[in-house]
Amino acid sequence: MHYCPGCGHSIVTKLIAEVIEEMNMADRTVCIPPAGCAVLTYNYLDVDTSEAAHGRACAVATGIKRVLPDRLVFTYQGDGDMAAIGTAETIHAANRGECFTTIFMNNAVYGMTGGQMAPTTLVGQKTTTSPFGRSVQKEGSPIPISEMIAILNGAVYIERTTVTSVAAVRNTKRAIKKAFTVQMDKLGFTLVEVLSPCPTNWKMTPLKACTWIEEEMTGTYPLGVLKDETAGAPGREAANAD
Amino acid sequence: MNAPDAACAPSYVPRPPSRYIVSQKSNLKLMRGNTVVGEAAVRAGCTCYFGYPITPQNQLPEYMSRRLTEVEGGIFIQSESELSAINMVLGASVAGARVMTSSSSPGISLKQEGISFLCGCELPAVIVNMVRGGPGLGNISPAQSDYFQATRGGGHGDYRVVVLAPASCQEVADLTMEAFDIADYYRNPVLILADGMLGQMMEPVTFENYSPREIPEKDYILDGAKNRPSRINRSLILNPQMMEEHNWKLVRKYKTIERNETRYEEFMMDDAKLAVVAYGTAARIAKGAVKRARSDGMRVGLIRPISLWPFPSDIIRKRASKTDLFFVFEMSTGQMVDDVRLALEGRSEVYFHGRPGGIISTPVEVLRIISRQYYQKELGK
Ligand SMILES: Cc1ncc(C[n+]2csc(CCOP(=O)(O)OP(=O)(O)O)c2C)c(N)n1
Ligand code: SF4
């Protein structure tokens with residue numbers, strides 16, 4: 001097992017596996033995990049998988065999904081990956097309404113490289129590169145990347161969840177399943193943001209990490225559906241056929 | 001619903017085939033270099049193009065945006081950046097498509113990350129660089145100053161990209177078509193290194209010189225693991241022993257490419273005492289100068305590398321026994337000259353002339369230098 005004890009990655013990877021199985025899609029799926037702890041999913045998901053350079057998952061996914069429009073394609077990205085180095089790729093893929101899903105693992109730090117500050121790091125949060133706590137004056141405010149994407153036309157379903165309790169885990173699974181279903185209905189870009197514990201870099205026990213998410217992180221990143229334009233929305237095909 | 005099958009692809013109104021000026025007498029078409037690349041690519045089976053506008057290659061994405069609507073499964077995306085474009089290329093390539101991107105110098109710098117990944121993952125792709133003056137934003141005039149970047153690899157890691165340097169629109173057509181086969185055959189990116197001059201120039205071309213190669217089965221494609229075990233495309237190899245093994249495997253492949261894909265043209269080299277070594281647009285200029293030098297009675301020839309990697313070192317070394325001076329002429333401050341020196345291993349003298357920054361020498365200027373060198377070194381004796 002490559003993930004640290006109490007890490008959200010292992011839970012969400014398992015959820016993805018369960019959803020793919022339930023949807024009976026294992027032989028029609030392509031997963032794109034770029035750099036970050038996310039990349040290790042290819043050790044655990046028995047589906048076709050392509051790495052991507054740090055931040056470029058949404059561009060790689062665009063290439064794959066355009067060539068193979070009837071496959072289930074999803075990227076699996078950390079916050080540094082998606083909200084820092086890959087902002088452009090993410091926003092433009094969403095804006096084009098690319099019909100793939102992004103599972104966005106927000107743990108408010110760069111996990112794999114040892115806990116440096118991420119664009120999503122909370123105000124006041126200490127990291128190895130914000131040792132005195134993130135300050136708005138010096139580092140800017142946390143980027144609400146999902147909210148930013150939600151205002152784009154091409155994005156049709158965006159939900160923020162967490163994995164801090166059994167109920168929350170179930171809810172995340174439901175959200176992933178919905179995103180995948182919406183994708184297969186070719187409605188547009190779908191995103192599930194998961195507030196995910198990184199006990200190692202937060203220097204907390206797994207339990208304390210879950211409490212911290214519930215008490216601190218959800219204040220900056222409120223849980224719930226940020227956008228759902230799937231009900232009655234015409235598919236991308238229909239929209240394009242006008 | 002009559003939507004096109006490519007689900008998320010934008011809808012389009014098919015347009016009539018692109019307008020060439022077609023000769024009545026032959027199948028030659030008068031076309032601009034940039035559009036020649038596009039047409040050749042489509043004829044070689046390229047169905048995907050991803051790119052970001054930059055002068056002097058814009059006619060190519062413009063052409064593809066129209067032309068690929070006429071192709072089954074054709075995909076064109078004007079990406080948000082070159083970084084994005086090359087990574088879309090990676091995605092389409094791993095999904096099994098024939099795919100191309102193009103740019104000019106500053107844009108190619110941005111593509112280097114993706115090129116390194118394509119090499120690491122052993123994925124085919126065709127990349128076109130219509131080189132312009134640099135460094136930095138430089139200008140939009142033709143130049144050859146990206147030779148090092150192209151042949152040494154501007155990205156990280158021990159890797160090689162096949163680099164083909166056409167010198168005419170016809171060769172642009174031939175080499176572009178060939179590039180897709182080479183890329184697929186070896187599972188390696190191929191770079192077409194031309195310049196703004198070739199991109200803008202109009203010449204008659206035919207696309208009939210292409211005979212497709214037999215390509216090994218693409219057993220790496222990711223399209224869902226139906227009736228087979230799942231596959232992983234990656235260049236991340238954390239185990240150092242396995243990483244080393246992977247690199248040696250790449251080296252073996254590069255050696256095979258060196259053996260099979262080295263290309264060059266020799267012009268009037270049989271009795272030449274002085275050989276001009278030049279590629280692409282510079283070689284065209286040099287050829288004019290060589291012809292004039294010959295009519296003036298000088299024993300001068302031209303060696304034109306067509307593949308810049310693999311570099312035709314053997315033929316240059318072979319010629320050293322009879323040729324006393326190798327005059328390297330480039331539209332840069334001197335980059336290929338290093339490869340010529342390496343090839344000669346001190347066997348013969350090397351003289352360099354180059355003009356950077358988008359200045360194009362005239363044949364008369366090159367002839368003047370040839371004559372001076374020829375008589376100063378008493379090669380006429
Ligand atoms: C171009 C490039 N820059 C930097 C890195 C080093 N790097 C690897 S993972 C990573 C950050 C990962 O953070 P995040 O995306 O939040 O994922 P996490 O590990 O927290 O799941 C960085 C900076 C890299 N691989 N490539
Ligand atoms: S470093 Fe953090 S994100 Fe990475 S595996 Fe460990 S807990 Fe998970």
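Among contacts in chain A between residues at least 6 apart in sequence, what share joins residues at least 24 apart? In this predicted model, the answer is 70%. That is a good place to start, and the rest of chain A can be read with it in mind.

Let's look at the overall build of that chain. Chain A has ten helices and nine strands. Its radius of gyration is 17 Å, close to the 18 Å that the globule rule gives for 242 residues, so chain A is as compact as a globular protein of that length. Along the principal axes, its C-alpha atoms fill a box of roughly 55 × 40 × 35 Å. Of the 242 residues, 58% count as buried. The accessible surface of chain A comes to about 8,700 Å², and carbon and sulfur atoms account for 57% of it.

Now to the charged side chains. Over all chains, the whole structure holds 47 salt bridges. One pair to pick out in your viewer is Arg56(A) and Glu89(A), whose closest N and O atoms are 3.0 Å apart. Arg56(A) sits in the loop between β2 (48–50) and α2 (57–67) of chain A, while Glu89(A) belongs to helix α4 (residues 87–96) of chain A, so this salt bridge ties together parts that are 33 residues apart in sequence. Both partners fall under the 20% cut-off for burial: Arg56(A) is buried at 4% relative accessible area, and Glu89(A) is buried at 2%.

Chain B offers further examples. There, Asp184(B) and Arg98(B) meet in a salt bridge with an N to O distance of 2.8 Å. The two come from distant parts of the chain, 86 residues apart: Asp184(B) is in helix α6 (residues 169–186) of chain B, and Arg98(B) is in the loop between α3 (82–94) and β5 (99–103) of chain B. Asp184(B) counts as buried at 8% relative accessibility, and Arg98(B) is buried as well, at 13%. Glu261(B) also forms a salt bridge, with Arg263(B), at 3.0 Å between the closest N and O atoms. Glu261(B) is buried, with a relative accessible area of 3%. Back in chain A, shared partners join Lys14(A), Glu18(A), Glu22(A), Lys173(A) and Lys177(A) into one salt-bridge network.

Finally, turn to ligand 2. The residues around it include Cys4(A), Cys7(A), His9(A), Cys37(A), Asn107(A) and Cys198(A). Helix α8 (residues 199–202) of chain A gives the largest share of this shell, three residues. By type, the shell divides into six nonpolar residues, five polar and no charged.

How values were computed: Residues numbered from 1 in each chain as written. Chains lettered and ligands numbered in written order. Predicted model: local features only at pLDDT ≥ 70, side-chain atom pairs only at ≥ 80, totals over all residues. Heavy atoms only, no water. Near = heavy atom within 4 Å. Helix = DSSP H or I, 4+ residues; strand = E, 2+ residues; numbered from the N terminus. Nonpolar A, V, L, I, M, F, W, Y, C, P; charged D, E, K, R; others polar. Rg over C-alpha atoms; globule rule 2.2 N^0.38 Å. Buried < 20%, exposed > 50% of the residue type's maximum accessible area, 1.4 Å probe, protein only. Contact = heavy atoms within 4.5 Å. Areas by Shrake-Rupley, 256 points an atom, 1.4 Å probe, with all protein chains shown as cover. Salt bridge = Lys/Arg side-chain N within 4 Å of Asp/Glu carboxyl O.
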